[in-house]
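Subject: Structure for you to look at

Hello,

Here is the structure I said I would pass on. Please open it next to this message and follow along.

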Protein chains: 2
Amino acid sequence: MEDRYPSRTGEGTRWIERKDPVVYGRPEDGPLSAEELREYEAKGFLLLRDVFSPEEVRAFREELRRLFEERAHDPSPEVVREPESDVVRSIFRVHRTSEVFRRLADDPRLRDVARQILGSDVYIHQSRINYKKGFHGQEFFWHSDFETWHVEDGMPRMRALSVSVALEDNFPFNGPLLLMPGSHRVFVACPGRTPERHYERSLRRQEYGVPDEESLARLAERYGIEAAVGPAGSVLFFDSNVMHGSNGNITPYPRSNVFFVYNSVENRLVAPFSGQEPRPAYLAER
Amino acid sequence: MEDRYPSRTGEGTRWIERKDPVVYGRPEDGPLSAEELREYEAKGFLLLRDVFSPEEVRAFREELRRLFEERAHDPSPEVVREPESDVVRSIFRVHRTSEVFRRLADDPRLRDVARQILGSDVYIHQSRINYKKGFHGQEFFWHSDFETWHVEDGMPRMRALSVSVALEDNFPFNGPLLLMPGSHRVFVACPGRTPERHYERSLRRQEYGVPDEESLARLAERYGIEAAVGPAGSVLFFDSNVMHGSNGNITPYPRSNVFFVYNSVENRLVAPFSGQEPRPAYLAER
């Protein structure tokens, strides 16, 4: 299959214009209004407040805590730990291993929005729960998810989106997600080549698929930076190719969220464009 | 001399109520209005916008760059580098080594405010210029300056303040100073004892004089957290004992500032309360 977005091909950084739509559906298809769809299309993300009630959020948080405890010593690669300690930071594939989060992935408040934006039926490409602790929360450097999904998973086109359900209040100062609104229009092809089994390390610390600082400075100048700030129960929908990252967190306020990636059934994975073995199913369901 | 704020005495964490005033002067003494003084007294800090013009800021920034280049390889302890590289992060004692910053320390827009708040004549206890780079800017963990100045420098009372002149825009997301408004009312005595010549390492990474996480969580719950956000040319005045810190910075936007500590001439340093040798003059002028 033609590689519309070549990256990590051994050449340097290159900017490629987006070749795919952002919004595939119409206002009459689903929950989002015409104005909300326009905002998503223009910025590459949309933050909705009060999507889940405090009671629902409490139940999700309890389930997250339960899973983190239950799997504290689980050697499965689905359980990812902090780079400098053994504290669990994320658990993948929770839509398969937790009944609570399986139901949440199917909740129309999430799935129908994904369907509407992607203009087709959808499936879960990846799911995880994240706990970013207070006091010493780690930063996450800038990246486009699509770059990785394309190169390492063989996702052919930009027809996927991420959903982050906030289980705690996101303040400006506790390491909220930072996004560059509009950056989803540009694909930044990254330098280097992907090492074999890169994912085993990249979940702890990203080394490949990272744009160079000059590109990031230019993107920030062109598009600016916005923080996804909102109370627990808010939901952020964001395009697969929007540039995002987050600062560390010295405040006592932890951040936890549930994270689903919906992919269009018209955009099923092919062989990874890196030419390597595909990543395991807990990172990219096939 | 009686130690009104014992800390690092080998005992655990302890909260001591502030025994000193916050504002010593009166509205009629100087530049700040009664309302501004009340805000400073209540919160322990005051942010004034547009204190310096864009032209003045540009001149300060040029002087900062000049000094950072000139002293890039200067082995003097006044020049402090990033923990994980040799890039210069701060230069101390610039009110003695740079004519531009000597004049700035004397500028009535800073010095007269310090005089008014501290209710007496003042002198520079410490000065420095800081450059917090973009992309990989380091965090600075929570601390009270007074704790260090008291234990390591022998500053007897809380009658000093810091002034930070912003040379770049401080956004919520590029690692602005975070403060807990009202926390200057509580002195958190820290655990441990001060190792000899602690300052040689503490400027790179603080290990002693750091409050425990439980105290910080309680302080944040009681007082909240505020970010000192404002355009270049803003000036932040903050009390010697207000709890503050800053997150790292993955954005392309660097932050640089000029930093002066004014101490009241009625609050001259005595022997350090740690019982050790005083720190050198570039950290604490005597």
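A turn of 180 degrees, with a shift of 0.0 Å along the axis, lays chain A on chain B with an RMSD of 0.0 Å. That is how a two-fold axis relates two copies. Both copies use the same surface: 96% of the contact residues of chain A recur in chain B. Please keep in mind that this is a predicted model.

Chain A on its own

The secondary structure of chain A consists of eight helices and 13 strands. Is its radius of gyration what a compact globule would have, or not what one would have? For 286 residues the expected value is near 19 Å, and chain A has 18 Å, which agrees. Along the principal axes, the C-alpha atoms of chain A fill a box of roughly 45 × 45 × 35 Å.

Of the 286 residues in chain A, 58% are buried. Chain A exposes about 11800 Å², and carbon and sulfur atoms supply 47% of that area. Contacts were also sorted by separation in sequence: of those between residues at least 6 apart, 84% join residues at least 24 apart.

Helix H4 of chain B

Which residues of helix H4 (residues 99-106) of chain B are buried? They are Phe101(B), Leu104(B) and Ala105(B). Looking down the axis of H4(B), you will find these buried residues within an arc of 100 degrees, so they line one face of the helix. The general background is that an α-helix has 3.6 residues a turn, so residues three or four places apart point the same way.

Several elements of chain B help to cover the buried residues of H4(B), including helix H2 (54-70), helix H3 (94-97) and helix H5 (108-118). Strand S5 (122-132) and strand S13 (255-264) of chain B are also among them. At the start of H4(B), the backbone nitrogen of Val100(B) has a side-chain oxygen of Ser98(B) within 3.3 Å.

A loop residue in chain B

Asn249(B) lies in the loop between strand S12 (244-246) and S13 of chain B. Is Asn249(B) buried or exposed? Its relative accessibility is 0%, so Asn249(B) counts as buried; the cut-off for buried is under 20%.

Leaving out residues up to four places away in sequence, Asn249(B) touches Asn247(A). Its other contacts include Lys133(B), Gly134(B), Phe135(B), His136(B) and Gly137(B). Phe173(B), Asn174(B), Gly175(B) and Pro254(B) also touch Asn249(B).

Regards

How values were computed:
Residues are numbered from 1 along each chain as its sequence is written. Chains are lettered from A and ligands numbered from 1 in the order in which they are written. This is a predicted model: local features need pLDDT of at least 70, side-chain atom pairs count only at pLDDT 80 or more; totals for chains, interfaces and linings use all residues. Side-chain values use heavy atoms; hydrogens and water are left out. Buried means under 20% relative accessible area, exposed over 50%, partly exposed in between (1.4 Å probe, protein chains only). Helices (H or I, at least four residues) and strands (E, at least two) are DSSP runs, numbered from the N terminus. The arc is that of the directions from the helix axis to the C-beta atoms. Contact means heavy atoms within 4.5 Å. A polar contact is a pair of N or O atoms within 3.5 Å; within protein, one must be able to donate a hydrogen and the other to accept it, and residues adjacent in sequence count only if both atoms are side-chain atoms. Copies are superposed by least squares on the C-alpha atoms of residues with pLDDT of at least 70 in both. The radius of gyration is taken over C-alpha atoms; the globule rule is 2.2 Å times the number of residues to the power 0.38. Accessible areas come from the Shrake-Rupley method with a 1.4 Å probe; for residues, only the protein chains shown count as cover.
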